[in-house]
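Me: Please take a close look at one part of this model for me. I want the place where protein meets DNA, contact by contact.

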2 protein chains.
Amino acid sequence: MVKSHSQPSLSGIPEPHSESMTGIDLPFFHILAPASREAFLQSVQMVRFPRNHFIFQPEQIARHAYFVLKGAIRQFTLADGKEVVTRLVIEGGFSTAFYSFISQKPCFEYCQTLEEVEAISLSRREMERLCAEHIDIANLERKITEQYLIQEQERALSLQFLSAQERYEQLFKQDASILLRFPLGTIASYLGMSQETLSRLRAKNI
Amino acid sequence: MVKSHSQPSLSGIPEPHSESMTGIDLPFFHILAPASREAFLQSVQMVRFPRNHFIFQPEQIARHAYFVLKGAIRQFTLADGKEVVTRLVIEGGFSTAFYSFISQKPCFEYCQTLEEVEAISLSRREMERLCAEHIDIANLERKITEQYLIQEQERALSLQFLSAQERYEQLFKQDASILLRFPLGTIASYLGMSQETLSRLRAKNI
DNA sequence: AAAAACATTTGATGTAGGTCAAAAAGTATG
DNA sequence: CATACTTTTTGACCTACATCAAATGTTTTT
């Protein structure tokens with residue numbers, strides 16, 4: 001268990017820059033009834049994390065999920081001292097340690113900002129309260145979870161039977177913007193291959 | 001796209017043996033309010049599929065999800081004529097082509113019974129209706145989806161960085177009963193390795 | 001119970017992609 | 001702008017696992 005990152009800030013508790021949310025307009029907002037929208041806004045906060053900040057670390061419980069408005073986050077675990085990247089998040093995506101956020105048990109992954117991040121934060125506790133009181137929020141959360149289920153399923157499938165080359169091409173087609181935002185080693189790990197292999201693939205395909 | 005299975009029955013529409021559901025007690029039932037429980041029972045049906053029946057096939061839309069009470073199901077796709085097993089379901093699990101069920105777009109997987117199957121069937125349409133009307137059902141479905149999200153995430157992670165040996169051991173620990181219900185080739189494919197490799201692993205570990 | 005069909009094992013061989021090491025390119029810092 | 005640090009590339013070599021093929025074992029059918 002080696003930490004190989006420069007100056008991690010370890011708090012994990014995003015207090016410093018929290019701001020009012022009045023007037024924010026989110027992509028999934030139009031689905032909600034006005035009352036639900038109002039309640040939702042009451043429950044979330046704007047947060048800002050500096051570059052290279054660790055939002056979560058193993059052993060902590062992921063009490064919040066973040067909807068990223070700006071910046072880039074990578075999530076990873078350590079396996080025999082090697083980083084295994086589990087998720088890459090940029091604008092428009094949710095970042096949290098899903099297992100921990102869902103079960104409220106200690107997480108096993110790191111969640112690190114690579115750029116300054118601006119996000120909307122919702123705690124699991126508030127999420128449960130909102131879902132218990134607002135049926136449209138419960139269904140919105142259900143739909144979002146469904147989308148992530150599909151995404152994880154696709155990821156598993158591509159790791160199961162695509163070659164390194166094919167996995168790279170797939171990411172290139174689906175999400176080329178990701179390739180520009182993260183260092184090569186990070187993308188390689190996310191794709192389940194070594195850095196050297198990804199570098200060679202890239203050279204071959206120009 | 002080669003079909004390599006004996007006598008698939010292709011209907012996909014489970015009419016033959018549907019039965020009344022009065023008095024059924026499901027594991028997740030106690031969470032629901034009596035009214036929701038009642039509505040739920042009104043919406044589901046008991047179905048039975050014979051051995052080697054294809055519940056779904058590619059191009060079809062998965063209009064139902066099945067909660068398996070008895071029997072075993074394997075789901076797979078064909079990639080260059082080779083079967084890639086995506087999901088193994090026995091008693092207590094849900095079987096559906098998640099992508100298709102969620103999006104109501106054509107599915108890409110086969111869903112085949114290996115034994116006679118007895119299941120509770122819920123259509124996507126009814127599910128949406130129930131979730132729109134009963135907040136506790138919406139939250140129950142959310143929780144179930146969350147569990148499957150975690151499961152898929154674990155599967156992706158193990159395919160990403162565990163060796164064939166380790167993946168086998170993990171399945172052995174977590175779900176040994178699966179190993180007894182499905183043929184070796186099916187399990188090997190599910191674990192992302194060749195049949196021969198799994199056979200050799202098993203021989204080594206006695 | 002013999003024949004056919006299917007599932008598993010075992011052996012020989014090939015290869016995609018891993019690891020290690022060093023060079024080259026790019027970026028940050030005093 | 002020169003030094004240090006990080007990231008990416010390139011090359012040589014190696015290994016885990018795939019593929020192919022044949023033998024053995026097991027279940028189903030007649």
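Reply: Start with Ser199(B). In this predicted model, a polar side-chain atom of Ser199(B) sits 2.8 Å from a phosphate oxygen of DNA strand C. Chain A reaches a phosphate too. There, a polar backbone atom of Ala164(A) is 2.8 Å from a phosphate oxygen of DNA strand C. Arg200(A) goes to a base instead. An N or O atom in the Arg200(A) side chain lies 3.3 Å from a base oxygen of DNA strand C.

Which elements give two or more residues to the surface near DNA strand C? Chain A supplies helix 7 (195-204). Chain B supplies helix 6 (184-190) and helix 7 (195-204). Helix 7 of chain B gives the largest share, six residues.

Now the whole surface. There are 18 residues around DNA strand C. Those that come nearest are Ala164(A), Ser194(A), Thr197(A), Ser199(B) and Arg200(B). On the DNA side, sugar and phosphate make up 57% of the strand C atoms that come within 4 Å of the protein. By residue class, the surface near DNA strand C has seven polar, six charged and five nonpolar residues.

One more serine of chain B is worth a look. Ser121(B) belongs to strand 8 (residues 117-123) of chain B. Its relative accessible area is 1%, so Ser121(B) counts as buried, the cut-off being under 20%. What is Ser121(B) in contact with, leaving aside neighbours within four places in sequence? One group is Ser43(B), Val44(B), Gln45(B) and Val47(B). The others are His64(B), Ala65(B) and Tyr66(B).

Conventions. Residues numbered from 1 in each chain as written. Chains lettered and ligands numbered in written order. Predicted model: local features only at pLDDT ≥ 70, side-chain atom pairs only at ≥ 80, totals over all residues. Heavy atoms only, no water. Near = heavy atom within 4 Å. Polar contact = N/O pair within 3.5 Å; in protein donor to acceptor, adjacent residues only side chain to side chain. Helix = DSSP H or I, 4+ residues; strand = E, 2+ residues; numbered from the N terminus. Nonpolar A, V, L, I, M, F, W, Y, C, P; charged D, E, K, R; others polar. Buried < 20%, exposed > 50% of the residue type's maximum accessible area, 1.4 Å probe, protein only. Contact = heavy atoms within 4.5 Å.
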